[in-house]
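Please look over the sequence and the model below, then read on. The report takes the core, the sheets and the confidence in turn.

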Amino acid sequence: MKPLHVLLALALACPALAAQAAPLRDPFARPPAQPAPPPSSDALDTDTLPVLRAIMVDARQSMANIGGHIVSVGDQVGPYHVLRIDERSVTLLRGKTKNVLAIDRTPDRGSNRESSE
């Protein structure tokens, strides 16, 4: 009879243990957004302009990937201050000097051909 009492006690204890466990998490849910640490001034070479890798333009907040750092207008990237982000370029200010970084676009092969029609 003792094994039956042990099994019964375990059966009653399992729901209580399950209630104390962490809630189930949706495996397809995105993790909560965490703010990126501000880029350090040591991360960029001060003698050359940083590389513009990507731009995302949005009505609320546009962002750019400059030298591997995601920045928006008003942010600091090394010695540069981000003044403006457009669809194809980013304007940076260093001291009194403005620099415009543009995304290079390789034309499609077919776009240079003239139409014979």
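A nonpolar core is a set of buried Ala, Val, Leu, Ile, Met, Phe, Trp, Tyr and Cys residues joined through side-chain atoms within 4.5 Å. Buried means under 20% relative accessible area, exposed over 50%, and partly exposed in between, with a 1.4 Å probe and protein chains only.

This is a predicted model: local features need pLDDT of at least 70, side-chain atom pairs count only at pLDDT 80 or more, and totals for chains, interfaces and linings use all residues. Residues are numbered from 1 along each chain as its sequence is written, and side-chain values use heavy atoms, with hydrogens and water left out.

**The chain as a whole**

The chain has one helix and seven strands. Helices (H or I, at least four residues) and strands (E, at least two) are DSSP runs, numbered from the N terminus. Along the sequence the pattern is α-β-β-β-β-β-β-β. The chain holds 117 residues, and 19% of them count as buried. About 10000 Å² is exposed, and carbon and sulfur atoms supply 56% of that area. Accessible areas come from the Shrake-Rupley method with a 1.4 Å probe; for residues, only the protein chains shown count as cover.

Contact means heavy atoms within 4.5 Å. Take the contacts between residues at least 6 apart in sequence: 32% of them join residues at least 24 apart.

**The core**

Which residues make up the largest nonpolar core? There are twelve: L52, I55, A64, I66, V71, V77, Y80, V82, I85, V90, L92 and L101. Four strands each supply at least two of these residues: β1 (52-56), β2 (63-66), β5 (80-85) and β6 (89-94). The top contributor is β5, with three residues. In soluble globular proteins, nonpolar side chains tend to be buried together.

L92 is one of the core residues. Setting aside neighbours within four places in sequence, L92 is in contact with P50, I66, Y80, H81, V82, T97, K98, N99 and L101.

S89 lies in strand β6. Is S89 buried or exposed? S89 is buried, with a relative accessible area of 14%. Beyond neighbours within four places, S89 is in contact with L52, I55, R84, V100, L101 and A102.

**The three-stranded sheet**

Two strands pair if DSSP finds at least two bridges between them. Three strands form an open, antiparallel sheet in the order β1-β2-β3. Its edge strands are β1 and β3 (69-72), and each pairs on one side only. On average, neighbouring strands here are turned by 25° against each other, direction ignored. Axes for such angles are lines fitted to C-alpha atoms, for helices over the stretch in contact, and angles run from 0 to 180 degrees between N-to-C directions.

β1 and β2 form a hairpin with six residues between them. In this pair, M56 has M63 as its bridge partner in β2. M63 also has a bridge partner in β3, namely S72. I66 stands opposite H69 in β3. The hairpin of β2 and β3 has two residues between the strands, and G67 in the turn has a positive phi of about 60°.

**The four-stranded sheet**

Four strands form an open, antiparallel sheet in the order β4-β5-β6-β7. β4 (76-77) and β7 (97-102) stand at the edges with a single partner strand each, so one side of each is left without a neighbour in the sheet.

A hairpin of three residues joins β5 to β6. Between these strands, I85 has V90 as its bridge partner in β6, and H81 has L93. Next comes the hairpin of β6 and β7, with two residues between them; G95 in the turn has a positive phi of about 65°. Here L92 stands opposite N99 in β7.

The bridge counts for four antiparallel pairs are set out here.

| Strand pair | Bridges |
|---|---|
| β1 and β2 | four bridges |
| β2 and β3 | four bridges |
| β5 and β6 | four bridges |
| β6 and β7 | six bridges |

**Confidence**

pLDDT is the predictor's confidence in each residue, from 0 to 100. The chain averages 76, and 60% of the residues score at least 70. Where is confidence lowest, and where is it highest? Helix α1 (residues 2-20) is lowest, at a mean of 63, while β5 is highest, at 95. Over residues 107-117 the pLDDT is below 50, and beyond near neighbours in sequence this stretch has one contact in the model.
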